[in-house]
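Take a moment to look over the sequence and the fold before reading on. The paragraphs below go through the interior, the pocket and a few single residues.

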Amino acid sequence: CFGCSPSNPVGMKLKPVRVGREVTVRYTAPPEFQGPAGVMHGGLVTTLADELAGWVVIGVRKQFGFTGAIEARLLKPVRIGVEVLGRAKIVSENSRTMKIDVRLHQSGEEVYRGMFSFVILDEAGTERVMGMRLPEEWRRFARAKVE
């Protein structure tokens, strides 16, 4: 995984933590993630937020989802080399979708606000999207199939 795998050489290596009904992460962007001088590339800021949203689905609901839509507000530049604190929580859900609020803060200020819609698929739907057989250890996160 680009976001959380400790063995992905170009990934973020995130270590999300569940805190009640939220998931938090602390992250400091390296120079390689720079867009304009000293500023994290906006697409990678949104990637950070998207990964955090995905982890709320797994950490709080014990399900696996796919990003369906993103509403993003880049409020202030995210500085390279300065720690970001991210928080995500589910704000609405049904059996097939979830809306997740993500906030990123840096140096005590909100720098990013996003609303993510995640689609929760059953095992067959997940396999269609991934184009491969779902690994055994991931099957427990698939939505139960509705007959």
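Are Phe-64 and Phe-66 buried or exposed? Both of these residues are buried. The model in which they sit is a predicted one, and a search through the whole of it turns up two aromatic pairs. In the pair formed by Phe-64 and Phe-66, the ring centres are 5.2 Å apart and the planes stand at 85°, so the arrangement is edge-to-face. An angle over 60 degrees is what counts as edge-to-face.

Next comes the interior. In soluble globular proteins, nonpolar side chains tend to be buried together. Here the largest nonpolar core contains 31 residues, and Met-40, Ile-100, Val-102 and Leu-104 are the ones with the most contacts inside it. At least two residues of this core come from each of five elements: strand S2 (22–27), helix H1 (42–61), strand S4 (84–93), strand S5 (97–106) and strand S6 (109–120). Of these, H1 gives the most, with nine residues.

Ile-100 shows how such a residue is surrounded. Leaving aside residues up to four places away in sequence, Ile-100 touches Ala-53, Val-56 and Val-57, among others. Its contacts also include Ala-88, Lys-89, Ile-90 and Val-91, as well as Gly-114, Met-115, Phe-116 and Phe-118. A second core, separate from the largest, has five residues, including Ile-58, Phe-64, Phe-66 and Leu-121. The edge-to-face pair of Phe-64 and Phe-66 therefore has both its members in this second core.

Helix H1 also holds Thr-46. Why does Thr-46 count as buried? Its relative accessible area is 16%, and buried means under 20%. With residues up to four places away in sequence left out, Thr-46 touches Ile-70, Ala-72, Tyr-112 and Phe-116. Phe-116 is also among the residues that Ile-100 touches.

Which residues lie nearest the centre of the largest pocket? They are Cys-1, Cys-4, Trp-55, Ile-58 and Phe-64, out of 15 residues that line this pocket. About 420 Å³ of space lies within the pocket. Its lining draws at least two residues from H1 and at least two from strand S3 (65–74). H1 gives the most to this lining, with six residues. By type, the lining divides into ten nonpolar, three polar and two charged residues. Ile-58 and Phe-64 belong to the second core and also lie among the lining residues nearest the centre of the pocket.

Further along the chain is helix H2, which spans residues 123–130 and has Gly-125, Thr-126 and Glu-127 as its buried residues. S3 is part of what covers these buried residues of H2. After H2 comes Gly-131, which has a positive phi near 70°.

Two residues other than glycine have a positive phi as well. One is Lys-13, with a phi of about 55° although it is not a glycine. Lys-13 lies in the segment before strand S1 (17–19) and is partly exposed, with a relative accessible area of 34%. The other is Ser-107, also not a glycine, whose positive phi is about 55°. Ser-107 is placed in the loop between S5 and S6. With a relative accessible area of 63%, Ser-107 is exposed. The strands on either side of that loop, S5 and S6, each supply at least two residues of the largest nonpolar core.

Methods. Residues numbered from 1 in each chain as written. Predicted model: local features only at pLDDT ≥ 70, side-chain atom pairs only at ≥ 80, totals over all residues. Heavy atoms only, no water. Phe/Tyr/Trp six-rings, centres within 6.5 Å; stacked < 30°, edge-to-face > 60°. Buried < 20%, exposed > 50% of the residue type's maximum accessible area, 1.4 Å probe, protein only. Core = buried A, V, L, I, M, F, W, Y, C linked by side-chain atoms within 4.5 Å. Helix = DSSP H or I, 4+ residues; strand = E, 2+ residues; numbered from the N terminus. Contact = heavy atoms within 4.5 Å. 1 Å grid on protein atoms, 1.4 Å probe; cavity = no way out; pocket = protein on both sides within 12 Å on 5 of 7 lines; lining within 4 Å. Points joined across faces, edges and corners; volume = space filled by probe spheres on them. Nonpolar A, V, L, I, M, F, W, Y, C, P; charged D, E, K, R; others polar.
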